[in-house]
Amino acid sequence: MAIKIFIDQGHNPTGYHNTGASWYGLDEQDVTYQVGVYLAEMLNSDPRFEARLSRPTPDTVLGTNNSTSLAERVRMANEWPANYFISIHVNANPNPAINGTEVYIYQLYTQSNWLGEAVLDGIVEAVGTKRNGVIARPSLYVLRRTNMPSILVEMAYVSNPSDMEKLRDNQYQFAQGIYNGIMRYFGFAS
């Protein structure tokens, strides 16, 4: 049986509800869409995995408002049912000096925690972002309502000029880092 991984590309296309951060002309939802596609291609080329995307096309819109958009992502993962849920995001902060990669989970010392650590290490190694750690955020809907180990990956800060360049230019490497982390988590790579 293939390990089923649901990849949620955070946010909806520009012009709709639940769009993400936008700085320096780079839109979060475009970056998360493309990184998710690359990651799904990597996973689906390995018979040990089966990956599905929340946004299979760049113009896929989920839900009719912010809350139904989140609920739809969770419903798709739970009804499949996925074995793991990975939500891909881009961070932003009013302070442009803040930078790096962090992973949010529902609870520490769980399978989500160990997967989050592996994915975080994978991204930092592949892209060279700062390692900000794995942080419990039980209030996040997609972490709270999914029925499987779930992580929310904040790849880097679009509000930081150096991170923004990585998000713009190294989308394949971000996907590779997440993939490498998944492989390490399952013991398929050293």
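Here are some exercises on the structure above, each with a worked solution.

This is a predicted model, in which local features need pLDDT of at least 70 and side-chain atom pairs count only at pLDDT 80 or more, while totals for chains, interfaces and linings use all residues. Residues are numbered from 1 along each chain as its sequence is written, and side-chain values use heavy atoms, with hydrogens and water left out.

**Exercise 1. Helix α5**

Find which residues of helix α5 are buried, and work out where they lie around the helix axis.

*Solution.*
- Step 1: Settle the terms. Buried means under 20% relative accessible area, exposed over 50%, and partly exposed in between, with a 1.4 Å probe and protein chains only. Helices (H or I, at least four residues) and strands (E, at least two) are DSSP runs, numbered from the N terminus.
- Step 2: List the residues. Helix α5 spans residues 161-169, and its buried residues are D163, M164, K166 and L167.
- Step 3: Look down the axis of α5. The buried residues fall within an arc of 160°, so they line one face of the helix. The arc is taken from the directions that run from the helix axis to the C-beta atoms.
- Step 4: Find the partners. The buried residues of α5 pack against β3 (26-27), α1 (28-44), β5 (84-91), α3 (111-127), β8 (150-157) and α6 (171-185). Contact here means heavy atoms within 4.5 Å.

**Exercise 2. Aromatic rings**

Classify the ring pair of Y185 and F186, then find the cluster that these rings belong to.

*Solution.*
- Step 1: Recall what is needed. A pair of aromatic rings is described by the distance of the centres and the angle of the planes.
- Step 2: Apply the cut-offs. Rings of Phe, Tyr and Trp (its six-membered ring) pair if their centres lie within 6.5 Å; planes under 30 degrees apart count as stacked, over 60 as edge-to-face and the rest as tilted.
- Step 3: Search the whole structure, which gives 10 aromatic pairs. For Y185 and F186, the ring centres are 4.8 Å apart and the planes stand at 80°, so the pair is edge-to-face.
- Step 4: Follow the links. Ring pairs join F49, Y84, Y185, F186 and F188 into a cluster. Within that cluster, Y185 is buried at 18% relative accessible area.
- Step 5: Check for charges. The charged end of R48 sits over the ring of F188, 4.1 Å from its centre. The criterion is NZ of Lys or CZ of Arg within 6 Å of the ring centre and within 35 degrees of the ring normal.

**Exercise 3. Salt bridges**

Locate the salt bridges of E79 and E117, and say which parts of the structure each one joins.

*Solution.*
- Step 1: State the criterion. A salt bridge is a side-chain nitrogen of Lys or Arg within 4 Å of a carboxyl oxygen of Asp or Glu. The structure holds 8 of them.
- Step 2: Take E79. Its partner is R75, with the closest N and O atoms 2.6 Å apart. Both residues lie in helix α2 (residues 66-79), 4 residues apart, about one turn of the helix.
- Step 3: Compare exposure. E79 is exposed at 56% relative accessibility, and R75 is partly exposed at 36%.
- Step 4: Widen the view. E72, R75 and E79 are linked in a network of salt bridges.
- Step 5: Take E117. Its side chain meets that of R131 in a salt bridge (2.5 Å, N to O). E117 lies in helix α3 and R131 in strand β7 (residues 131-136), so the pair ties together parts that are 14 residues apart in sequence.

**Exercise 4. Backbone oddities**

Pick out the cis peptide bond and the positive phi values of N18 and Y109.

*Solution.*
- Step 1: Know the background. Most residues other than glycine have a negative phi, and most peptide bonds are trans.
- Step 2: Find the cis bond. The bond from W80 to P81 is cis, with omega near -5°. P81 is placed in the loop between α2 and β5.
- Step 3: Turn to phi. N18, which is not a glycine, has a positive phi of about 60°, and Y109 has a phi near 60°.
- Step 4: Place both residues. N18 is in the loop between β1 (3-9) and β2 (22-23), and Y109 is in the loop between β6 (101-105) and α3.
- Step 5: Add exposure. N18 is buried at 11% relative accessibility, whereas Y109 is exposed at 67%.
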